[in-house]
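Reader: I am new to this structure and would like to look closely at one part of it. Could you choose a single strand, follow it carefully, and then describe what lies around the bound molecules?

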Amino acid sequence: MGLLSTLKSLFICHLIIGYVFLVSGLLINLLQVCTLPVGLVSKQLARRINIRLGYCIASQVVAVLEWWSGTECTLYTDPKSYPLYGKENAIVLLNHNFEIDFLCGWTFCERFGVLGSSKVLAKQELAYVPVIGWMWYFLEIVFCKRKWEEDRRLVAQSLQNLRDYPENYWFLLFCEGTRFTPEKHQASMQVAESKGLPKLKYHLLPRTKGFWMTVQNLRGTVSAVYDSTLNFRDNETPTMLGVLNGKKYHADLYVRRIPLELIPEEEKECAAWLHKLYQEKDELQGAYEKTGLFPGPKTSPPRQLRTLMNWLFWSCVVLYPLGLMLTHVISSGSALTIIAAVVVSSAADLPSSL
Ligand SMILES: CC/C=C\C/C=C\C/C=C\C/C=C\C/C=C\C/C=C\CCC(=O)SCCNC(=O)CCNC(=O)[C@H](O)C(C)(C)COP(=O)(O)OP(=O)(O)OC[C@H]1O[C@@H](n2cnc3c(N)ncnc32)[C@H](O)[C@@H]1OP(=O)(O)O
Ligand SMILES: CCCCCCCCCCCCCCCCCC(=O)OC[C@@H](O)COP(=O)(O)O
């Protein structure tokens with residue numbers, strides 16, 4: 001093991017990364033609260049500020065993937081569609097198999113300049129997660145309870161609010177509604193059978209209501225659906241902990257741009273269209289399983305230095321006061337203060353030793 005990989009696996013490094021993320025994240029959340037009065041004067045200005053503040057948080061996690069773990073991302077797509085990425089609003093449909101699929105999604109958002117404004121149809125529980133969930137409140141993320149009777153009104157309202165959003169965004173939809181496991185796959189294929197729908201091998205049966213509602217409410221402001229499939233090379237199953245330990249993965253993302261006009265307006269037809277798309281996605285995945293490749297030309301949009309600069313900036317902001325405090329504790333020479341500092345840092349270290 002090289003010196004650098006040993007360093008990346010040290011708990012103290014993870015503690016520093018976590019500390020910077022948490023403390024700067026809470027600080028940024030506080031700044032987001034301060035945009036509330038701005039919103040009363042100019043809604044669009046408050047939204048633009050929040051896009052930048054949101055970027056400051058999400059970009060830190062992206063920096064860990066790109067610069068710390070050195071994970072590489074390859075994009076397989078039609079070169080004619082490529083210039084449009086980041087220049088239009090789009091609904092992204094993604095398979096949901098990996099712990100870090102959202103993070104790879106964010107990385108592509110970063111590389112096409114829509115990280116701060118990116119959106120998702122997320123489960124309500126995530127709204128309460130400190131830093132990320134609170135940031136999402138200000139970014140007007142659409143939350144669902146996965147109870148259609150309640151969602152049909154709440155989700156529609158949140159989607160309508162996005163119609164005058166001031167910057168380009170990608171709206172991510174995991175139509176499968178949950179992460180793939182063999183048990184969930186078996187259950188969903190029973191539903192497919194009972195509904196007379198063809199079986200899928202690599203995907204769960206897509207939930208169609210969220211998709212129909214998104215298309216219906218964003219029609220006219222969104223230009224296309226990006227049918228996307230993510231895989232990792234060498235049959236790797238990447239984890240957040242692996243990324244934090246500096247493990248390098250290689251992500252392959254296939255994206256097919258489908259103009260929104262091609263998607264039927266009527267609910268039943270729209271649902272049938274989505275089921276057909278998932279059958280095609282299943283065939284594509286089958287081919288990847290065999291060849292380890294997606295079809296068509298590939299490209300690797302480069303990682304940007306700005307994610308690293310953003311991380312360094314926030315590190316300075318939150319590590320400097322911590323350094324000052326520690327220096328003060330040590331130079332005070334007071335046995336009581338030093339013992340208190342040791343007790344506090346041991347408590348912080350406790351979760352790792354459990
Ligand atoms: C160039 C580069 C391109 C792309 C880059 C890639 C990506 C980057 C883009 C953006 C990034 C942005 C952000 C990313 C950051 C973070 C994301 C993190 C987390 C989010 C993860 C989640 O939270 S996923 C969970 C929430 N989301 C969803 O659930 C969405 C899908 N669900 C729906 O659409 C649902 O319909 C619903 C939620 C709207 C409502 O759900 P509900 O359950 O109430 O109703 P349903 O109609 O769906 O269910 C009832 C019907 O379903 C049938 N049924 C029952 N059991 C099953 C089963 N196991 N499988 C399938 N179907 C089932 C049941 O029979 C009912 O059928 P009916 O015929 O009666 O309708
Ligand atoms: C700088 C980074 C280092 C610090 C480490 C902290 C990193 C924190 C990042 C937190 C990001 C939180 C984003 C939440 C994304 C979680 C995706 C998710 O929750 O998927 C589950 C859903 O599909 C459905 O789940 P089910 O309830 O069906 O099962």
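**A strand and the ligand shells**

Author: Leu172 in strand 5 is the bridge partner of Val120. The model in which this pairing appears is a predicted one. The pairing belongs to a longer pattern, for strand 3 and strand 5 run together in the parallel sense over two bridges. Strand 5 also pairs with strand 2, which spans residues 90-94, again in the parallel sense, and here there are four bridges. Within strand 5, Trp170 is the residue that Ala90 stands opposite.

The side chains of strand 5 divide between two directions: Trp170 and Leu172 point one way, while Phe171 and Leu173 point the other way, and all of them are buried. In general, the side chains of a regular strand alternate between the two faces of the sheet.

From here we can turn to ligand 1. It is surrounded by 35 residues, of which Lys123, Trp148, Lys195, Arg207 and Lys209 are the closest. Its oxygen atoms have polar partners of two kinds: one oxygen is 2.7 Å from a polar backbone atom of Trp148, and a polar side-chain atom of Arg207 lies 2.8 Å from an oxygen of the ligand. A backbone contribution also comes from Gly210, where a polar atom is 3.0 Å from an oxygen atom of ligand 1. On its own, ligand 1 has 1500 Å² of accessible area, and the protein covers 82% of this. Strand 5 (170-173) is one of the elements that give two or more residues to the shell, and strand 3 (119-123), helix 7 (148-161) and helix 9 (209-218) are also among them. Sorted by class, this shell holds 21 nonpolar, six polar and eight charged residues.

Lys123 leads on to ligand 2, since among the 14 residues around that ligand, Lys123 comes nearest together with His96, Arg146, Thr178 and Arg179. A polar side-chain atom of Lys123 lies 2.8 Å from an oxygen atom of ligand 2. The side chain of Arg146 places an N or O atom 3.0 Å from an oxygen atom of ligand 2, and for Arg179 the corresponding distance is 3.5 Å. Ligand 2 exposes 760 Å² when taken alone, and 73% of that is buried by the protein. Helix 2 (11-33), helix 4 (43-68) and helix 10 (240-244) are the elements that give two or more residues to this shell. By class, the shell around ligand 2 has eight nonpolar, three polar and three charged residues.

Technical notes: Residues are numbered from 1 along each chain as its sequence is written. Chains are lettered from A and ligands numbered from 1 in the order in which they are written. This is a predicted model: local features need pLDDT of at least 70, side-chain atom pairs count only at pLDDT 80 or more; totals for chains, interfaces and linings use all residues. Side-chain values use heavy atoms; hydrogens and water are left out. A residue is near a molecule or strand if one of its heavy atoms lies within 4 Å of it. A polar contact is a pair of N or O atoms within 3.5 Å; within protein, one must be able to donate a hydrogen and the other to accept it, and residues adjacent in sequence count only if both atoms are side-chain atoms. Accessible areas come from the Shrake-Rupley method with a 1.4 Å probe; for residues, only the protein chains shown count as cover. Ala, Val, Leu, Ile, Met, Phe, Trp, Tyr, Cys and Pro count as nonpolar, Asp, Glu, Lys and Arg as charged, and the others, Gly among them, as polar. Buried means under 20% relative accessible area, exposed over 50%, partly exposed in between (1.4 Å probe, protein chains only). Two strands pair if DSSP finds at least two bridges between them.
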